[in-house]
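Here are a few notes to read alongside the model. Have it open while you go through them.

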Amino acid sequence: MASAAKRLEAVSGTAAPQIAFESVTLQLGGKTIIENLSLGVRAGEFLCIVGASGCGKTTALRLAAGLYQPTSGKVNFDSQPMREPRREIAIVFQDYGKALLPWRTAAGNVSLALEAGGMPSAERPARIEELLRTVGLPGHAGKYPSEMSGGMQQRLQIARCLAQEPKTLLMDEPFGALDAMTRQGLQDEVLSLVAASGATVIFVTHDLDEAIYLGDRVIGLLPHPGRIGIELAVNLPRPRDQLSTREHPEFLRLRRQLFDFIKATEQ
Amino acid sequence: MTANSAKALVLPLGILVAFEVWARATHLQSDSLAPPSEIVMALIGAFADLSILTATRDTLFSAFAGLAIGTVIGLALGIAFGISDTLNRLMEVTVEAIRPIPSIALLPIALIALGFGYRMEIAIVAFACVWPVLILSRAAVRSIEPRLMEVARALRLPPAQRVWKIIIPAALPRIFVAFRLSAGIALIVAVTVEIAINPLGLGAGIMLAQQALRPDLMLAYLVWIGIIGYALNVLLVIAQNRLFGRAALTGGGQ
C-alpha cells in the first residue's frame with residue numbers, strides 16, 4: 001500500500017500521464033456522446049468517474065480501452081496514440097454473465113487470457129491456480145460460470161483481467177449488479193490487488209460513495225454531451241477502511257459536494 | 001412406454017390391422033399395394049440375402065460423405081459471411097441466386113461431369129447441404145453476444161483463435177441444429193438421386209422392386225428408409241440434448 005502511494009507521488013509530478021485524453025470528441029450515429037474531453041491519468045492513480053446515466057462514462061472507458069476511436073482528438077497511452085486495444089490494458093465489464101465464456105470452466109476462462117498472451121500450455125495451470133487464489137476462488141477451477149454466484153463470476157472476470165498483467169485496469173461499474181455486502185468485500189479486494197500490482201485504474205460507477213471510497217481522484221461528468229463537470233482530489237488516508245473511512249469528515253465533505261453536483265445535473 | 005405414447009400407437013396399428021384384413025378378404029392383387037404381413041416378409045427376405053444392407057451402406061455412405069463436405073463448406077462460408085459484413089454483401093446476390101436451384105436439377109450436369117456412382121451423388125448431396133448450414137451458421141455468428149467479441153478484442157486474440165475459441169463454441173448449439181436439418185436433407189437427396197438415375201443404394205432398390213412388379217419389396221424399402229430417417233433424427237436429437245441441453249433452443253450458448 002505504502003509503496004504504491006510512494007510510486008504515485010514519485011510519478012505524479014514529473015512524467016507524462018499514462019493515459020491522456022486530448023480534446024476527445026466522439027460521435028456515434030450522428031449524436032455527440034463525448035465532447036472536447038481532456039483528461040490525464042497518472043501511472044498508479046485510481047481515478048473514479050461518476051455521472052448520471054447517459055453521460056458517457058462507459059463510452060469514455062471504451063475510448064481508454066481502444067474499443068472506440070475518437071471522432072476528433074487523441075487518446076494516448078504512454079504517449080503513444082491508441083489505435084486498438086492493447087495487452088497491457090484490461091477491461092472488467094459490468095455484465096460478467098455476458099463477458100465470461102459459458103462453455104469454459106473458471107480455469108478455462110482465465111486460461112483464455114494466457115492463451116491470448118501466448119503462454120505455453122505447460123506453464124498455464126500453475127499461473128491459473130495462482131490467479132484464482134488471488135481473487136479468492138481457490139478450489140473453484142472446475143466450475144462453470146453458470147454454477148457460480150454473481151460475486152464469484154465477477155471475481156473470475158477480474159482474475160482473467162489480471163492474467164493480462166495489465167498496467168491499466170479499466171472497470172465499468174463492476175459491482176453495480178452485486179448486493180451490498182459482496183460489493184464492499186470486492187471493493188477492499190480490488191484496493192489491495194491494485195496496491196500490490198501498482199496498476200493504474202479507471203473505475204466507472206454510479207455509486208458516489210464507492211467512487212470516493214476507492215479513488216485518488218473523482219471526476220463527475222455532465223451529460224448531453226459528456227464532458228467534465230467536477231473534479232475532486234480525494235485526500236483520504238490509505239489503506240481505507242469500510243467503517244472509519246466512510247465516517248471521515250473529508251469523506252462526508254466530498255460526498256456532499258458530489259451529491260450536490262449530481263443533483264444539479266439532473267435538473 | 002407411457003400411457004400417452006401407447007395411445008398414440010393405437011391409430012396407426014389399427015389402420016395396419018384393418019388394411020391387412022381388407023387385403024386378405026379381397027385377395028388383393030396390385031402393382032402398388034401389398035398387405036403389411038407381406039411387406040414384413042419381404043423386408044426380412046431382403047435382410048436375409050443382405051441386399052438391403054448393401055443398399056443401406058451405399059446410401060448412407062453417399063449421404064454422410066455429402067453431408068460432411070456440405071457442412072464444412074457451409075460452415076466456412078457461413079462463419080466468414082457472419083464475421084465480415086462486406087464479404088456478406090458482396091456475396092449476397094450470388095448466394096441468393098444459386099441457393100434456390102433445386103439440387104436435383106444439377107443431376108444432368110453432375111452426371112456429365114462425374115458419371116454414375118458415388119462421386120456424382122455425393123456432389124449433389126453436398127450442394128443441398130451447404131445452404132441450411134450456411135444460412136443458419138451465418139445467423140448464429142451474427143447473434144453472438146457482442147460482449148464476447150469485445151472480450152476477444154480486448155485480449156487481442158489473433159483472428160484464427162477468435163474463430164476457434166470464441167465464435168465457433170458460441171455458435172455451436174445453433175450450428176448443430178443446422179447440421180441436424182442438413183442430415184435429413186442429405187438422406188432425402190441421396191435417395192432421390194438413386195431413384196432418378198444412380199444405380200446404387202436404397203433408391204435404386206425401390207426402383208428395381210417396382211420394375212420387378214414386387215410391391216411388397218418396394219414398400220419394404222420404403223418402410224426401411226422411413227425407419228432410417230427416423231432413427232437418424234432421434235440420434236441427432238439425443239446428441240444435441242446431451243451436448244448442448246437447452247442452449248440449442250435459446251441459441252445463447254449459456
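1. How far apart do the C-alpha centres of domain 1 of chain A and domain 2 of chain A lie? In this predicted model, the answer is 25 Å. The assignment puts domain 1 of chain A at 2–88 + 166–266, with domain 2 of chain A covering 100–165.

2. On how those two domains meet: domain 1 of chain A brings eleven residues to the contact, and domain 2 of chain A brings nine. On the domain 1 side, helix H7 of chain A (residues 180–197) gives the most, with four residues. Sorted by class, that side of domain 1 of chain A has eight nonpolar residues, two charged and one polar.

3. Now the chain–chain contact. Chain A puts in 17 residues and chain B 14. On the chain B side, the elements giving two or more residues are helix H7 (146–154) and helix H8 (159–196) of chain B. The largest share there is five residues, and H7(B) supplies it. As for chemistry, this side of chain B has six charged, five nonpolar and three polar residues.

4. One residue to click on is B:Ala80, in helix H3 of chain B (residues 51–83). Is B:Ala80 buried or exposed? Neither, quite: B:Ala80 has 17 other C-beta atoms within 10 Å, so it counts as partly exposed, because buried would take 20 or more and exposed 12 or fewer.

5. While you're at B:Ala80, look across to B:Val163. The two are 83 residues apart along the chain, and their C-alpha atoms are separated by 9.5 Å.

How values were computed:
Residues numbered from 1 in each chain as written. Chains lettered and ligands numbered in written order. Predicted model: local features only at pLDDT ≥ 70, side-chain atom pairs only at ≥ 80, totals over all residues. Contact = placed C-beta atoms within 7 Å. Nonpolar A, V, L, I, M, F, W, Y, C, P; charged D, E, K, R; others polar. Domains from an automatic or database assignment.
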